[in-house]
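Me: Hi! I'm new to this one, could you walk me through it?
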Amino acid sequence: VPGGQCRAWKARKPLPVFRGLFQLRNIKEVSSALLLCVGLGTSAVYMDGTRLSTSSVHDPPLTDYTKRIFYRAYDVTEVLRRSSTPEETHVIGVAVGSAWWDPVPLAGAVVNMKPMPTGPPVVIAQVIVHLRSGGRVVYSADGDDAEKITWFAGRGCILSSDVFTGEEVDLAACGKLTGWGRSSFSMDAGWLPAEKHSGDISALEWWNAKQRLATKDVETEFSGKLPQLGHLQPAVVSPVLPLRKLPALKVEKLGTKGRFLVDFGVSMNGHVELHNVGELHVLPPSSSRPKPHQHAPSALEARSVVTIVYGDSLLEDGSGVNTVIVAGMGLHGDMGGQSKSQNPCFPEDHEGILLQRDVILFDAQAASPSLDAAAGGAKQSLAGGASNRFRPLFTTHGFRFVEICCLERLEAADVRAVAYRSSVLEWGTFRSTVETLNSVYMLMKNSLNSNLMGTQWDCPHREKLQYGGDIVATSPVALHLFDMEAFYEKVLVDWKDAQWQNGAYTETTPWMGLNDQAFGVGHGAGPTEWAALPNVLLPRHMNHYANAVLGKHFASSSHRWIKFLSRQLLPKLDKAKADGKDIPGLGDWMTLYQRDGTATHAVFALASCRGLSHTLRRLERQKMCDESCLAALEEADTFLRKLEALLSSLRWSRWTSSTHDSSPGGEVALFMRLPSVRKERCRVLDAVVAQRLSFVLDWPGLEERSAGYEEWRASSMPHGIFSNRWTLEVLSDHGYHDLALKMMTASAFPSFKYMLRHGATTMWETYWRSEDLYSRNHPMLGGVVDWIVGSHAGLQIHPTAFGADRILFQPRIVLEAGVDEEEVSQGSPFLVPPEKLEHFGANAQEHDSLYPPPAHLHAVAWAQASQGTRHGHAQIQWVLLQMEGGKHNVELRLDVPPATMGILKPPAFRERVTVYREGVAEACSVVEGTESKGDIEIELLAGEFRVVIADVVLESEAARRGCEREVEWDPMDAKHLI
C-alpha cells in the first residue's frame, strides 16, 4: 500500500526502550557473570542503570543482517553485586536507535534501502552466570521460569534517530523516564510485553530475492514482511568511540532570530555537545523560525525548540551553513522538490533537501538532560550538575560548521564538537620540510578518521556506504595509519557475504543496487574496479599481518570471481578489441582526463587474477595448498596471461603516445610491471612524462574553468583515484621524483594545494569546489599518501613481505628549491593547535617520533616517518646536508623492529655508504661506489642504525635511469599487483 511502510515507521515514534527483568538468587554464589547483547539498528546497553556499552553510535557495525549480526559481551559481575536488591531482581536496559535496520523509508535516493533487510527495533540478549560450585546458569527470553528474562517495551524520549537526518529528542519525556534502567522504576500502562521477533521470510528467501533483482532485474515485493535474522557472532571490530573533543573556534550571531554559526576549524564525523543546557536561554515557541530551522506544526505546540544544523561548508555569501546533498536526496533546485513530492516519509519540515539536523524539544524543568542520564535514576534539574550536558545518543554527522537556533545568546563555552571513529590503533606518522606534503597527509588522516565507522564509508553525510573502489584506492594509506587487521578482515567477510552464486562481487557491501548494470559487467557484478576489492585487499592484508588462514578461507570466493570474469568480461574485452568501442565503467574515477572504461576493466581483472595467484602461492609456501588449490592456481595463471596479452594489444598505441588524453595510461603498465612493457619501459616512460592535459569541461566550478591548464606538465594533478598514485610512484621509481614532488606541491587547479587554499581540512571528493553534490570529506583521492610515506620519506612494508617481516627503506632525495611552497592559507588542517584537542584513551594516541626534527645548521631538507607493524615500530629519518665544495651528504636514522629484516636501498652516491649500529663506534657496513645507480641493497637486522651517504647524487641532477632494466611482477609482490 503506498505509504504503508512510512506509516509503520512513523507509528514506531518515539523509539522504544526495552527492559529485561530477571531474578538472580544468592549473589554470593556467583563467580562471574557475562551479558551478551545487541540491539538493532544501534543500541546503548545498561545493567541496573549502569551504562555498559562504551558507545552507542553505529554499533553493532553494519552487516547484512540476514547473514551476520555482531553482539558485544559485558562483564557484569561487579555491577550485579553492587546493585543486588532484596527482591533479587535485575534489569537489562537497552535503548535502541534506528540506524540501518529501521531507517526512514525514502524512495528514489542513491542510498537504496530496498535490498536491505529492515524491521522494527530488535533486542537480543543472554546472561551467562558461572557459580562458585562450578555450575552455570543461562538467562534468556526462552528460559524457564527461574532462568527467564521477561522483556517489556515502552516509548522512550528519542522521537527519531535516522542514520542520515539525525536525532530528535524530547527532554520532558526523558525526565519522565528517570530510573527506567533500575528495578525500582514503576512501569505505567504504556509499557507492554515485548513481542518475540519471528521473520516472515527465511534468510535464504530474502537472499534469493535480492539476487534475482541484482542479476536479472526481477523485483520481489516483500512489503511489510520481516526477514529472519542471520547468525550471531562476537564483534570482531572495535567499537566506534569518541576520538576527540574540539572547542568552538568561533561563534557568530546570524541575524535577529536567534541563529548562531559555530566553526570548529576542521571537518569531522560526529555531533555537537551542548553544555550548561539549563542556562541556554532558548527563545519562546514561534511559528516563524528561520530556515533551515523550521519545524512541523505538530512539533511546535507550546514548546521551545533547539535545532542544530550541520555542514562542511558555508553558503557563498557566508550567511549560514551550506546544506548539501544527503542520502542521495535533493539538490539545490528541482530535484529536491521532486524527491520530496515522491516520498510520503520525506520530513515535512525539510525543504526539498534532507538536512543533517538534531532537534531538542526543550524543557528547562526536565528531571534529566537525556535518555542516557535518565537510565541511572538520579533526578537532576537541567539547571546544574556535572551531567548538565546534551549530545545525541545514536547519530553522527559530517561537519565543520553548525548553525544553532533559536537562542538569545550562545557562548563558545556552551558548545563542543565530539568526533568519532572506530577505535583502531593509530600507528603511522609522517613529517617533512615540504609543508604541502604534511598538509595532504593530514587531509587524508582527517578523512579516514571521519569514515572508519565499523565499515569504511565513502563520506560521513551523503551516502555512508562501503564502496569497493574507494577501499582499493585508500587501503594502503589506512594500513599505514592504523592497525586495520580486524577491521579489514570484517570488510573481506562483508564482500564474501555479498557474493552472488554466479561468482560476481558487488560494488558496495551491503549491496545497494548501485551501478551494477550501467557500469559493471552485468549479471549482478559491480564495476570491475570496485568489485575487485576482495582479491586486491587480501594480499595487502597478508603483506601486513601474515594471516594465511584468512587466505585459505577466502581462496574459493576469489576463485569464483575469476571464473565469473572469464565467462562474462573476457568476451566483452574481445569484442572491444574488434569494434573499438569502450566498455562503460566508473574507470579512474574523478580523473580530469577521459576515462578509459575498457582499460580499467582489464587492469582490474588482471589485478584480480594476480591477487588470487598471490594468495594461492602464499598458501603453497605455508603448506596449506591442496590439489584443488593448485588447480585454481593454474587456472588463474592461464587467465592472467590471456589478460596481459589482450590488454597490451588493446592499449599499446595509447601507452606509447605523448598526446593520449585518457586514463589510465602508460603509468599503470609501468606500475604493474606488465610483461608487454618489459623491453619498452623507456618508451612508455617518455610518454608518461611528456603527457599533456586534455580536459572535458563538464564540472560545475566556474573559477576552475578559467584556470591555466597549459601549465600542467609539472604543476598539477589531474589524475583520478587510482592513477594519481600510479603516476607518482612511476615517476619516483624512474628518477623523476623532482617532477612528482612538483606535481604534489602545485598551487593551480587541479591540485591538492588548490583544496587547501580554499579551506579544505579533509580530502575532497573532487579537485574542484562542489557546492552541492560532491563531498568535502571523502578519502578516495588520498591514495597519494602511500607515495608520500613510501617514496618521499622512504619507508614502507616491503612489497613481498609476509606479516611485515621485511621493511624497505628507500628515500628519494631532491633539492626542494623548485618546489612551490607558498603559504597554504588559513584553511590548513593545522588550524586547530594539537594542544587544544582533547584526546580520549590509548586508541587516539599519536606516537612520538623516535627522532626530533634536525637542528643541524647545514640541513637543506629532511623527512621522517614511522610505520606500526605486528613486531613493533619501524622508523626512518633522513637529512640532506650541504657540504663543502657543493657536495651533499645524507644522514639517516633507521629503526628496524624485532623479528624483522630491514632492506636499505640508498639513493645514488659517488663516494660511500657507511652504516653504524646505534651505540657502536665502529661501522658495521661500508659500501664504496662511484656513480652508483641507486640499485644497491643493504640488509639490516633488528635494531637502530645511523647511515651516512657521502656525496649523494641528487635525483634532480641525475641522469634519468631505471627504465632500461627489465622488471617483472613478482607473484609475491602485494603492492604492484594494482
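Me: Leaving aside neighbours within four places in sequence, which residues is M744 in contact with?
Reply: Happy to help! Keep in mind that this is a predicted model. M744 touches T436, L437, V440, M717, L728, F752, V784, W787 and I788.

Me: And which residues have the most contacts inside the largest nonpolar core?
Reply: Those are W100, M484, M744 and F752, in a core of 186 residues. Helix α13 (residues 548-579) supplies the largest share of this core, twelve residues. Another core lies apart from it, with 46 residues, including A44, A95, V272 and A374.

Me: Switching to strands: what is the order in the open sheet of five?
Reply: The order is β8-β7-β2-β5-β13, and the pairing is mixed.

Me: Which strands stand at the edges?
Reply: Those are β8 (136-139) and β13 (231-234); each has a single partner strand, so one side of each has no neighbour in the sheet. From one strand to the next, the twist averages 25°.

Me: How do β2 and β7 pair?
Reply: Strand β2 (residues 30-40) runs antiparallel to strand β7 (residues 122-131), over ten bridges. As one example, G39 has V123 in β7 as its bridge partner.

Me: Now helices. At what angle do α9 and α12 pack?
Reply: Helix α9 (residues 468-481) and helix α12 (residues 533-545) pack at about 10°, and their axes are 10 Å apart. That angle is why α9 counts as roughly parallel to α12.

Me: Which residues meet there?
Reply: From α9 come G468, I471, V472, S475, P476 and L479, meeting L533, L537, R540, H544 and Y545 of α12. By type, the contact has seven nonpolar residues, three polar and one charged.

Terms used. Residues numbered from 1 in each chain as written. Predicted model: local features only at pLDDT ≥ 70, side-chain atom pairs only at ≥ 80, totals over all residues. Heavy atoms only, no water. Core = buried A, V, L, I, M, F, W, Y, C linked by side-chain atoms within 4.5 Å. Buried < 20%, exposed > 50% of the residue type's maximum accessible area, 1.4 Å probe, protein only. Helix = DSSP H or I, 4+ residues; strand = E, 2+ residues; numbered from the N terminus. Contact = heavy atoms within 4.5 Å. Pairing = 2+ DSSP bridges. Axes fitted to C-alpha atoms, helices over the stretch in contact; angles between N-to-C directions. Parallel < 35°, antiparallel > 145°, perpendicular 65-115°, else oblique. Nonpolar A, V, L, I, M, F, W, Y, C, P; charged D, E, K, R; others polar.
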